[in-house]
Amino acid sequence: MQQIRDIKPTKLLIMEGMLMSLALVLPFSEALVSIITVLIFVFSWLIISPNEKFNLFRKNPLPVFPSGIFLLYLIWAIGTHHPANAIDEIRRNVFWFLIPAAVAYLPISREQLNRILYALVLGVVISSLVAFVRWNFRESIGITDIRDATLNPHIAHSLLVNFALFFLFQQIFRYRANNWYARQILRLAGVLFLLFFNFWLHSLLGLLTLFAALILLPFSTYREIPVRLRKYVWSGAVVLIIIPMAPIGRELYRQFHTSMPAPNQVAQFTLNGNRYQNDFSKTLRENGHFIYLNICLPELQKEWNHRSSLKFSGLDANGFPVKSTLIRYLTSKGLTKDSAGVSHLTNKDIQSVNEGFANYRYVPGRMDLSARIYQTIWELDAFRSNGNPNNKSLVQRWAYTRAALSIIAEHPFVGVGTGNEKAAFNETLMRQTPKLRPANFSHAHNQYLNYLVTFGIPGFAILLFLLIYPPFRVGKLSVITIFFLLTIGIANLGDDNLQTHTIRTFFVLFYSLLVFGPPLNTKESTGSFVLNNEHQ
């Protein structure tokens, strides 16, 4: 086995510090992530010379396989119709090259890798605490959605939380025989805090990814589970399947357990003797109450204009008619849409309507995970009722998926090429979903579909080979590595996570460190990337 020349401990210590710094700032700043990554790349050539890296590459090229993805972006940029977009894509995906080229073949110990992982945990915990502070000062910052409290996009942050949470949980059991009670208490506190934070953040994709990864993990590590514990593991997997179903089922029942009443069962006049408008053909609801029943517009307008400086005929803070927002808000509270209903609203309710909240459960401070689930259910019900896909996250994602499948069918062999994706999606969405406003146009929120759109089926197969072959060739992987791969693999079904700077860097960095680094599930504590294991 070829050996790396002796490296000065000072240089290795500096590199370890730089890798820890990169892991620490991942949840905070894209600019710092970029700067530190470039510094790591430059410094790596001072540790291992180009000639040595080339010789190591000839012996075992696996650690630089991910760099091939950057080459795909370069090759598929040839003949692009949108050079500016292509250059931007290449610039953003250069990290596929920089990180593997920097960390490949670096000597590293298991203790050093653990310290890098703990640096990530520390960054995730601190940035999550910052999110709490930002939410408490949301009015001065201008935040109305709890998912905007994180410094990174909420889905990206939730994936970092999932990984940090699992790592800490695993560390608790790894050191259970030690007498470091203070450290164990800190680890347990970290697990409980991150678990609470994940539910507090209301990232449905993040939570579903966590549950799915934990359910699939026993199947991926079946032989590692002691026989006496397997029944408990399978029982836990069943519980994890049931947990998400309970709040979903509760919200579905809450929304749809009532049926449209007969005309003779609905009041015809307000308390003031004015006639209600009742439309029995529209079944859209708020919290199980029918929106288009018990409406008296003259009374609504008079009472609202008396209570609010924002006119009834105007627009709320989100640009929607005040009239529509008010009717939905009153319905959500089970009130009639007349002067009596408005009189039951508090000043805080009036302010919430002005700010564009159409349901009292959406108001900051009241919005919880069950309300987030309900919001998704309502969007689907609204689309079924009126066919309008705008500002409905899940419905819009379906439109993007349809567009992606159409583009793939039209360009199956070479895709549309680097830089042409946006134009292809815009053209297809305009044709397929004319009701969708251009401001809501986007690409597929599915990483695999986006790669198929860009590279076509052959290019996508090459990309999968570059990422999937090395772990299989390496052989036995640690549990944390398998969880890491499962988490990103599952999350990419629900969003294009590798298009974001944070998750792209996170994935490439820890893919290189975990897949090719020292084994974490053995007693062996030192070694070097890839050279630890026989792959020949």
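Me: Are Phe193 and Phe197 buried or exposed?
Reply: This is a predicted model. Phe193 and Phe197 both lie in helix H10, 4 residues apart, so about one helical turn separates them. As for their surroundings, Phe193 and Phe197 are both buried.

Me: What kind of ring pair do Phe193 and Phe197 form?
Reply: The structure holds 28 aromatic pairs. For Phe193 and Phe197, the ring centres are 6.3 Å apart and the planes stand at 35°. Stacked needs under 30 degrees and edge-to-face needs over 60. The angle is in between, so the pair of Phe193 and Phe197 is tilted.

Me: What kind of pair do the rings of Tyr511 and Phe516 form?
Reply: Tyr511 and Phe516 are both buried. Their ring centres lie 5.9 Å apart, with the planes at 75°. Edge-to-face needs an angle over 60 degrees. The pair of Tyr511 and Phe516 is therefore edge-to-face.

Me: Which residues do ring pairs link into a cluster?
Reply: Tyr511 and Phe516 belong to the cluster. Phe506 and Phe510, also in it, have the most contacts inside the largest nonpolar core. The full cluster is Trp96, Phe163, Phe484, Phe506, Phe507, Phe510, Tyr511 and Phe516.

Me: How many residues has the largest nonpolar core?
Reply: Nonpolar side chains tend to be buried together in soluble globular proteins. Here, Phe506 and Phe510 have the most contacts inside the largest nonpolar core. That core has 115 residues.

Me: Which residues is Phe510 in contact with, leaving aside neighbours within four places in sequence?
Reply: Contact requires heavy atoms within 4.5 Å. Phe484, a partner of Phe510 here, is also in the ring cluster. The contacts of Phe510 are Ala23, Leu26, Ile116, Leu117, Leu120, Phe484 and Val515.

Me: How many residues are in the second, separate core?
Reply: This core includes Leu284, Ile327, Tyr329 and Val353. Two of these, Ile327 and Tyr329, are among the buried residues of H14. The second core has 24 residues.

Me: How many of the 11 residues of helix H14 are buried?
Reply: Helix H14 covers residues 322–332. Its buried residues are Val322, Thr325, Leu326, Ile327, Arg328, Tyr329, Leu330, Thr331 and Ser332. The helix is largely enclosed by the rest of the structure, because its buried residues number 9 of the 11.

Me: Which elements do the buried residues of H14 pack against?
Reply: Just after H14, Gly334 takes a positive phi of about 75°. The buried residues of the helix pack against both strands and helices. The partners are E1, E2, H13, H15, H16 and H17.

Me: What is the relative accessible area of Asn287?
Reply: Asn287 sits in the loop between strand E1 and strand E2. Its phi is near 55°, a positive value in a residue other than glycine. Buried means under 20%. Asn287 is buried, with a relative accessible area of 7%.

Me: Where is Asn391?
Reply: Asn391 is not a glycine, yet its phi is positive, about 60°. With a relative accessible area of 40%, Asn391 is partly exposed. Asn391 lies in the loop between helix H17 and helix H18.

Me: How far apart in space are Leu252 and Ile373, C-alpha to C-alpha?
Reply: Leu252 lies in helix H12 and is partly exposed, with a relative accessible area of 37%. Not counting residues up to four places away in sequence, Leu252 touches His257 and Ile377. In sequence, Leu252 and Ile373 are 121 residues apart. In space, their C-alpha distance is 9.3 Å.

Me: Which residues are closest to the centre of the second largest pocket?
Reply: About 1500 Å³ of space lies in the second largest pocket. Its lining has 40 residues: 24 nonpolar, 8 polar and 8 charged. Helices H7, H9, H10, H11 and H12 each supply at least two of them. Closest to the centre are Phe166, Phe169, Gln170, Phe173 and Val479.

Me: What share of the residues in the protein is buried?
Reply: The protein has 22 helices and 2 strands. Its C-alpha trace spans about 95 × 60 × 45 Å along the principal axes. Of the 536 residues, the buried share is 53%.

Notes. Residues are numbered from 1 along each chain as its sequence is written. This is a predicted model: local features need pLDDT of at least 70, side-chain atom pairs count only at pLDDT 80 or more; totals for chains, interfaces and linings use all residues. Side-chain values use heavy atoms; hydrogens and water are left out. On a 1 Å grid over the protein atoms alone, a cavity is a set of points where a 1.4 Å probe fits but cannot get out, and a pocket is an open set with protein on both sides within 12 Å along at least five of seven lines; lining residues have an atom within 4 Å of a point. Grid points are joined across faces, edges and corners, and a volume is the space filled by probe spheres set on the points. Ala, Val, Leu, Ile, Met, Phe, Trp, Tyr, Cys and Pro count as nonpolar, Asp, Glu, Lys and Arg as charged, and the others, Gly among them, as polar. Buried means under 20% relative accessible area, exposed over 50%, partly exposed in between (1.4 Å probe, protein chains only). A nonpolar core is a set of buried Ala, Val, Leu, Ile, Met, Phe, Trp, Tyr and Cys residues joined through side-chain atoms within 4.5 Å. Rings of Phe, Tyr and Trp (its six-membered ring) pair if their centres lie within 6.5 Å; planes under 30 degrees apart count as stacked, over 60 as edge-to-face and the rest as tilted.
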